[in-house]
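The following exercises are intended for a reader who meets this structure for the first time. Each task is followed by a solution in steps.

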Amino acid sequence: MTTHKLLLLPGDGIGVEISREVERVIAILNGKGGPNSFEVERDLVGGAAIDAHGVAITEEAMAKAKTADAILFGAVGGSKWDDVPYEIRPEAGLLRLRKDFDLFANLRPAICYPALADASSLKRSLVEGLDILILRELTGGTYFGEPKEIVALENGQKRGVDTTIYTTSEIERIVKVACDLARKRSGKVHMAAKWNVMKTGVLWRDVTVATHRNHAPDIELELILADNCAMQLIRDPKQFDLIVTDNLFGDILSDEAAMMTGSLGMLPSASLGAADPQTGRSKALYEPVHGSAPDISGQGLANPIAMIASFAMALRYSCNMAAEADVIETAIAKVLDNGLRTADIMQNGLTKVGTEEMGRAIAAEIETALA
Ligand code: NAD
């Protein structure tokens, strides 16, 4: 019997509403018995934590996160906290979790459920059945390199500087993650970089080739220039299975891939840290890609699928429960096939439902599948 410790941080706005639906799914899995169960702790993060404690995440919540097998994160932010000082803004809670646990590997799946293929801006034939994983390096590169500044020049102009820095070990560890993940998928990795014009691109290419040769010769590796990758994603997305890339290109390519699948409310993500040398387990945070959606919060309109699908990722990558992850993903597909839609993915002639109704329908499908 394995008990998985989960820390649920609902956060603000619709984060609270979609977290209730994930708790419904967890309760069903717990009710089924079997060799795995979940112990769920809860805490505040973001604006809710600022209101209660004056900080976006407390030391107590960080301590709970440290002992959790997986952190489930809703969303943070809202206009109520627009004027709090920059250091304690709601997002500081998420950034602290990412930084303290060195969550360097960001997994962004782009899955196009057949029932939503017509909601994509690409032709159905290009996206139906699409299942891509973009693996983005999350803690290095252009967003963090120093110097990062705007300097006033003597001639009255200004000069903006961002610095892109990567070291061998930063590239090596994310390429290893890519190869490990590919082994559980199609066995193929694309690495996207700009080795034709960037020194960091040359290092990405050389370290990727060496890491692949030394650690994962069984995996098929293809190198692709990042601009060509952006183009090929639109031309023929199904040629890709897993794309590993740096922080900046990953930011752009993952949003591009995401839009093929319909709505923000459908997109889960995972951020993984380094494997613990003793237990082999990685610290991990799972969250929907979207934010707290203040425009619809408190109205029961939010789509809970991204949050529920993030929990499915937690089962797959932190709990060794791939079969149960499949059950959840199949339940989501079935509910969509049955014509249920939240407002963000609504189509003519289908049945419009709210957050709770969508959550209950998915939970019922899971219950049936596990019966
Ligand atoms: P957002 O993702 O919250 O919303 C963008 C649009 O998508 C809105 O129209 C919203 O209604 C819709 N949407 C988002 N999720 C949805 C869902 N599950 N179901 C149905 N519709 C959904 O982005 P935003 O409006 O730019 O930001 C709102 C707040 O969220 C800001 O305070 C921002 O800083 C914060 N934010 C937080 C995170 C995070 O917690 N990781 C990420 C992005 C933005």
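**Exercise 1. Backbone geometry**

Task: Determine which strand holds Pro 147, and describe the peptide bond that joins this residue to Glu 146.

Solution. The model is a predicted one.
- Step 1. Pro 147 has its place in strand β6, which covers residues 145-152.
- Step 2. The bond between Glu 146 and Pro 147 is a cis peptide bond, with omega at about 0°.
- Step 3. As a rule, most peptide bonds are trans, and most residues other than glycine have a negative phi. The second half of this rule leads to the next exercise.

**Exercise 2. Positive phi values**

Task: For Asp 102, state phi, the location in the chain and the exposure class. Then do likewise for Asn 320.

Solution.
- Step 1. Asp 102 is not a glycine, yet its phi is positive, at about 50°.
- Step 2. The loop between α4 and β4 (105-111) contains Asp 102.
- Step 3. The relative accessibility of Asp 102 is 31%. Partly exposed residues fall between the limits of 20% and 50%, so Asp 102 counts as partly exposed.
- Step 4. Asn 320, also a residue other than glycine, has a positive phi near 55°.
- Step 5. Asn 320 is found in the loop that runs between α10 (305-317) and α11 (322-337).
- Step 6. With a relative accessibility of 76%, Asn 320 counts as exposed, because the exposed class begins over 50%.

**Exercise 3. Cysteines**

Task: Establish how many disulfides the whole structure has, and examine Cys 112 and Cys 229.

Solution.
- Step 1. A search of the whole structure gives zero disulfides.
- Step 2. For Cys 112, the nearest cysteine sulfur belongs to Cys 229 and is 18 Å away. A disulfide requires two cysteine sulfur atoms within 2.5 Å, so Cys 112 is in no disulfide.
- Step 3. The closest cysteine sulfur to that of Cys 229 is in Cys 179, at 16 Å, which is too far for a bond.
- Step 4. Both residues can then be classed by accessibility. Cys 112 is buried, at 2% relative accessibility, and Cys 229 is buried with a relative accessible area of 0%.

**Exercise 4. The ligand and its surroundings**

Task: Describe the residues around the ligand and identify polar contacts that involve Gly 78, Glu 287 and Ser 292.

Solution.
- Step 1. There are 21 residues around the ligand, and those that come nearest are Glu 91, Gly 291, Ala 293, Asp 295 and Asn 303.
- Step 2. By class, this shell comprises ten nonpolar, seven polar and four charged residues.
- Step 3. Both β3 (70-75) and α4 (91-100) contribute at least two residues to the shell.
- Step 4. An oxygen atom of the ligand lies 3.2 Å from a backbone N or O atom of Gly 78. For Ser 292, a backbone N or O atom is 3.1 Å from an oxygen atom of the ligand. The side chain of Glu 287 has an N or O atom 3.4 Å from a nitrogen atom of the ligand.
- Step 5. On its own the ligand has 810 Å² of accessible area, of which the protein covers 67%.

**Exercise 5. The overall fold**

Task: Count the helices and strands of the protein, and judge its compactness from the radius of gyration.

Solution.
- Step 1. The protein has twelve helices and 14 strands.
- Step 2. Its radius of gyration is 21 Å, close to the 21 Å that the globule rule gives for 371 residues, so the protein is as compact as a globular protein of that length.
- Step 3. The C-alpha trace spans about 60 × 50 × 50 Å along its principal axes.
- Step 4. Of the 371 residues, 51% are buried.

How values were computed: Residues are numbered from 1 along each chain as its sequence is written. This is a predicted model: local features need pLDDT of at least 70, side-chain atom pairs count only at pLDDT 80 or more; totals for chains, interfaces and linings use all residues. Side-chain values use heavy atoms; hydrogens and water are left out. Buried means under 20% relative accessible area, exposed over 50%, partly exposed in between (1.4 Å probe, protein chains only). A residue is near a molecule or strand if one of its heavy atoms lies within 4 Å of it. A polar contact is a pair of N or O atoms within 3.5 Å; within protein, one must be able to donate a hydrogen and the other to accept it, and residues adjacent in sequence count only if both atoms are side-chain atoms. Accessible areas come from the Shrake-Rupley method with a 1.4 Å probe; for residues, only the protein chains shown count as cover. Helices (H or I, at least four residues) and strands (E, at least two) are DSSP runs, numbered from the N terminus. Ala, Val, Leu, Ile, Met, Phe, Trp, Tyr, Cys and Pro count as nonpolar, Asp, Glu, Lys and Arg as charged, and the others, Gly among them, as polar. The radius of gyration is taken over C-alpha atoms; the globule rule is 2.2 Å times the number of residues to the power 0.38.
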